[in-house]
Amino acid sequence: MQTKLTQLLNIKYPIIQAPMFLVSNVAMVTEAMKAGIAGCIPALNYRTIEELRSAIKELKANKVEGGSFGFNLIVNKSNFKYKEQLEAICEEGCDFIITSLGSPEETIQQAHAVGIKVFCDVTDLRFAKKVEQLGADAAIAVNNEAGGHRGNLSPEELTNLLNKELDIPVISAGGVGRKADIDKMLSYGAAGVSVGSPFIASIEAGVTDEYKQACVDYGEKDIVMTERISGTPCTVINTPYVQKIGTKATWIENLMNKNKTLKKWVKMIRFSIGMKATEKAAKKATYKTVWVAGPSIEHTKEILPVKAIVDKLIH
């Protein structure tokens, strides 16, 4: 399965284990590398810069031929730790960085200076062209089947559009839960795929057994969009608690969102409250279950080791 992505990262299979807030960890990425794919962790999964540096060192020690590892950076103002995280990653070293939610210009400049590749999350052609002009090594096309914050275009429409207009490789993100899905994305012209939700139900994932089991018990039809986590529509499993609290922003948030000055603060407050609720649900059993996942959990039938999940994706 040689593609531009396997060449870029020197991996056996054109798959990135997507960075997932609270879920991704060193154990998952280590097993991903052993299985011949790339693994990525959100830098925000580490409370301190020291913990982030320690994780990078551990992954460097665990690296094997045919696998690679990277980190995801939120590059807008909501991430107060961004500059420190970027500095630590560039000093310690990794194979690639995935940027989200903002301009990747500074990240690309600093990462390229130390030989780290940069892939950028995009949901439309306008932003994809911008990141290409800034020097991104690949565009991650976040489609309308992705988990978490997703795009508006279908995998076929977005991949075809970007592949036709860009000179850099396009990596499709969303809608992959089995080998047939990977084959389909590659047929659209993708250089590889970013796969997240199927790995939530992995033995190595750093979340509760209840969260993992929910990805087995629920399916595509149980995924809904909510504005109650980050202020931006996000996909979650439609648990009884999500049904109880609703998926729309409150009336006062809607009112304040109409004021340009207040809108930024409303989003920051909502993001903070939502992330804390998500963390509680991920890390301990609670009736307040807000579990982020995408429709590709439809093909998750049991909790398995990362290696077994990769095997299912490539065979």
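What follows is a chat about a predicted model of one protein chain.

Biologist: Hi! Before we zoom in, how many helices and strands does the chain have?

Modeller: Hello! Keep in mind that this is a predicted model. The chain has 13 helices and 10 strands.

Biologist: Nice. And what share of the residues is buried?

Modeller: The chain has 315 residues, and 52% of them count as buried. As for the surface, about 14,300 Å² is exposed, with carbon and sulfur atoms supplying 51% of that area.

Biologist: What about contacts between residues that sit 24 or more positions apart?

Modeller: If you take the contacts with a separation of 6 or more, residues 24 or more positions apart account for 61% of them.

Biologist: Can we look at one residue, then? Where is Val306?

Modeller: Val306 belongs to helix H13, which covers residues 306–314. Its relative accessibility is 0%, so Val306 counts as buried.

Biologist: Which residues is Val306 in contact with, leaving aside its neighbours in sequence?

Modeller: Setting aside anything within four places in sequence, Val306 touches Gln17, Met28, Glu31, Ala32, Phe199, Ser202 and Glu204. There is also a pairing to look at with Val29: the two are 277 residues apart along the chain, yet their C-alpha atoms are separated by 8.7 Å.

Biologist: Glu31 was in that list. What does the side chain of Glu31 meet in a salt bridge?

Modeller: Lys34 is the partner, with an N to O distance of 3.3 Å. Both residues are in helix H2 (residues 26–34), and because they are three residues apart there, about one helical turn separates them.

Biologist: And are those two buried or exposed?

Modeller: Glu31 has 21% relative accessibility, so it counts as partly exposed. Lys34 comes out at 51%, so Lys34 counts as exposed.

Biologist: How many salt bridges does the structure hold?

Modeller: There are 10 salt bridges. One of them joins Arg53 and Glu92, whose closest N and O atoms are 2.9 Å apart.

Biologist: Which parts of the chain does that pair tie together?

Modeller: Arg53 lies in helix H3 (residues 49–62) and Glu92 in helix H4 (residues 82–92), so the salt bridge ties together parts that are 39 residues apart in sequence. Arg53 is partly exposed at 21% relative accessibility, whereas Glu92 is buried at 14%.

Biologist: Which residues are linked with Arg53 in a network of salt bridges?

Modeller: Glu91 and Glu92 are linked with Arg53 in that network.

Biologist: Got another salt bridge for me?

Modeller: Sure! The side chains of Lys129 and Glu165 meet in one, at 3.7 Å from N to O. Lys129 is in helix H6 (residues 125–134) and Glu165 in helix H7 (residues 155–165), so this pair links distant parts of the chain, 36 residues apart. Lys129 is partly exposed at 33% relative accessibility, and Glu165 is partly exposed at 35%.

Biologist: Switching topic: how many disulfides are there?

Modeller: Zero. A disulfide is a covalent bond between the sulfur atoms of two cysteines.

Biologist: So why is Cys90 too far from the closest cysteine sulfur for a bond?

Modeller: That closest sulfur is in Cys94, and it is 7.6 Å from the sulfur of Cys90. To count as a disulfide, the two sulfur atoms would have to be within 2.5 Å. Cys94 is likewise in no disulfide, with the sulfur of Cys90 as its nearest cysteine sulfur.

Biologist: Are these two cysteines buried or exposed?

Modeller: Cys90 counts as buried at 12% relative accessibility. Cys94 is buried as well, with a relative accessible area of 11%.

Biologist: Last topic: the backbone. What is phi of Asn10 near?

Modeller: Phi of Asn10 is near 55 degrees, which is a positive value in a residue other than glycine. Most residues other than glycine have a negative phi.

Biologist: Where is Asn10 found?

Modeller: Asn10 is in the loop between helix H1 (4–9) and strand E1 (15–17). With 58% relative accessibility, Asn10 counts as exposed.

Biologist: And what about Leu101?

Modeller: Leu101 also has a positive phi, near 60 degrees. Leu101 is in the loop between strand E4 (96–100) and helix H5 (105–113), and at 48% relative accessibility Leu101 counts as partly exposed.

Definitions and conventions
Residues numbered from 1 in each chain as written. Predicted model: local features only at pLDDT ≥ 70, side-chain atom pairs only at ≥ 80, totals over all residues. Heavy atoms only, no water. Salt bridge = Lys/Arg side-chain N within 4 Å of Asp/Glu carboxyl O. Helix = DSSP H or I, 4+ residues; strand = E, 2+ residues; numbered from the N terminus. Buried < 20%, exposed > 50% of the residue type's maximum accessible area, 1.4 Å probe, protein only. Contact = heavy atoms within 4.5 Å. Areas by Shrake-Rupley, 256 points an atom, 1.4 Å probe, with all protein chains shown as cover.
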